[in-house]
Amino acid sequence: MPAILDYSQVAVSVIVQEVAATSLATSLDEGLIRHMILNAVRAHVVRNRDYGEFVIACDGGFSWRRRMYPQYKCRRRRDENRDDGINWTMLFDTVHDVRDALKAHFPLKVIHVDGAEADDVIGVAVRRWTSEGLPVRIISGDKDFQQLQRFGRVSQYSPTKRDPITKRNEEIVCADPVRFLGEHVLRGDSGDDVPNVVSDDLVFSDGRRQNPVTEKMSLDWHRYWSEDGIDDGFFAEYQAGKIWHSVAKKGIDVHELKRRVDRNINLIDLSRTPAELTAQIEDALDNAEVSDLSETMMYLASKGLDSLMGSVTDFVQPVNRFPVF
């Protein structure tokens, strides 16, 4: 069973969680952030030691989604300048520096492809591994990955949230991943500034409210949604005035509605990563180089990470282990 870790989500969440628990915002420095990230990665490698291949998925450069849709994550870019006591520039610089160090100095497979997000890496890896009959473990608190459970035996746990009873990391389980994806496409993703399908491209960047999606609209939508996407019959019914009357009254013609649906499918469905990037990710999965422990020890020593030196072998992921199901 391969395991794949969502690097940025894990790195930033462990820091924010520590700040919330200890009020360390003003005392965060590069050394402390570096230690927290590496220690978190170490812990996940250990936890998944019996699962075979361990991969770290990273965001790379300027996302293809932003080129396709310039408003993508527009509010998040503004939020990085917020005044909350955290030096976000230093934090993200250190997160990127540790990512590069993991790739250059650790015995771990780190996938970082320009133009692709970690979501793309995880989506491509999951589709490849499940097509080979392998069960896959995703390490991320991002619930958007529930859509990937439609491809086979895909499990996921949150690295920061714990079940209050078992005290174990929260398992993220989706009863109907096809319907989950359909609902996600319909309602958009406000966290990434992707509007719902009845709202225009600029609704978030202009600070306006979205047009509402009612429960009745959702029921109509899912009558035409399947694993293959939205059936053309949906748009025929809309054009004939048989469904979504409130949307038609807002002056949204069928061609514009179809464009917005296509916008959301392309931005949200993780099987829509462009073919060129998919090929680059697959090549990286096949050919990523890893360092040996001597390189890791030299790096830890150079950064004064003595507390991690004693557990340096934790970063080694055994290969060819019998997979755990």
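Visitor: How many cavities of 30 Å³ or more does a search of the whole structure find?
Guide: This is a predicted model. The search covers the whole structure and takes cavities of 30 Å³ or more. The number found is 1.

Visitor: How much space lies in the largest cavity?
Guide: Rolling a probe the size of a water molecule over the atoms shows where empty space is left. For the largest cavity, that space comes to about 100 Å³.

Visitor: How many residues of the lining of the largest cavity are charged?
Guide: The lining includes Arg65, Asp119, Asp144, Asp189 and Asp192. Tyr72, Val194, Leu267, Ile268 and Leu270 also line the cavity, as do Gln147 and His184. By class, the lining has 5 nonpolar residues and 2 polar ones, and its charged residues number 5.

Visitor: Which residues of helix α7 are buried?
Guide: Helix α7 covers residues 177-187. Its buried residues are covered by elements that include α8 (215-222), β7 (225-226) and α11 (254-268). One of the buried residues, His184, also lines the largest cavity. The full list is Pro177, Leu181, Gly182, His184, Val185 and Leu186.

Visitor: Which residue just after α7 takes a positive phi?
Guide: Look just past the end of helix α7. The phi there is about 75 degrees. The residue is Gly188.

Visitor: How many aromatic pairs does the structure hold, and how many residues apart are Phe106 and Tyr299?
Guide: The structure holds 8 aromatic pairs. Among them, Phe106 and Tyr299 meet edge-to-face, at 5.7 Å centre to centre and 70 degrees between the planes. Phe106 sits in the loop between α5 (88-105) and β3 (109-111), while Tyr299 belongs to helix α13 (residues 293-302). Their separation along the chain is 193 residues.

Visitor: Why does Phe106 count as buried?
Guide: Buried means under 20% relative accessible area. Phe106 falls under that cut-off, so it counts as buried. Its relative accessibility is 0%.

Visitor: Why does Tyr299 count as buried?
Guide: The cut-off is again 20%. Tyr299 falls under it and therefore counts as buried. Its relative accessibility is 7%.

Visitor: Which residues form one aromatic cluster?
Guide: Start with Tyr224 and Phe234, an edge-to-face pair at 6.0 Å centre to centre and 65 degrees between the planes. Tyr224 lies in the loop between α8 and β7 and Phe234 in helix α9 (residues 232-239), so the pair ties together parts 10 residues apart in sequence. Both residues are buried. The cluster is Trp221, Tyr224, Trp225, Phe234, Phe235 and Trp244.

Visitor: Which charged end sits over the ring of Phe235?
Guide: Phe235 is one of the cluster residues. The charged end over its ring is 5.8 Å from the centre, and it belongs to Lys258.

Technical notes:
Residues are numbered from 1 along each chain as its sequence is written. This is a predicted model: local features need pLDDT of at least 70, side-chain atom pairs count only at pLDDT 80 or more; totals for chains, interfaces and linings use all residues. Side-chain values use heavy atoms; hydrogens and water are left out. Buried means under 20% relative accessible area, exposed over 50%, partly exposed in between (1.4 Å probe, protein chains only). Helices (H or I, at least four residues) and strands (E, at least two) are DSSP runs, numbered from the N terminus. Contact means heavy atoms within 4.5 Å. On a 1 Å grid over the protein atoms alone, a cavity is a set of points where a 1.4 Å probe fits but cannot get out, and a pocket is an open set with protein on both sides within 12 Å along at least five of seven lines; lining residues have an atom within 4 Å of a point. Grid points are joined across faces, edges and corners, and a volume is the space filled by probe spheres set on the points. Ala, Val, Leu, Ile, Met, Phe, Trp, Tyr, Cys and Pro count as nonpolar, Asp, Glu, Lys and Arg as charged, and the others, Gly among them, as polar. Rings of Phe, Tyr and Trp (its six-membered ring) pair if their centres lie within 6.5 Å; planes under 30 degrees apart count as stacked, over 60 as edge-to-face and the rest as tilted. A charge sits over a ring if NZ of Lys or CZ of Arg is within 6 Å of the ring centre and within 35 degrees of the ring normal.
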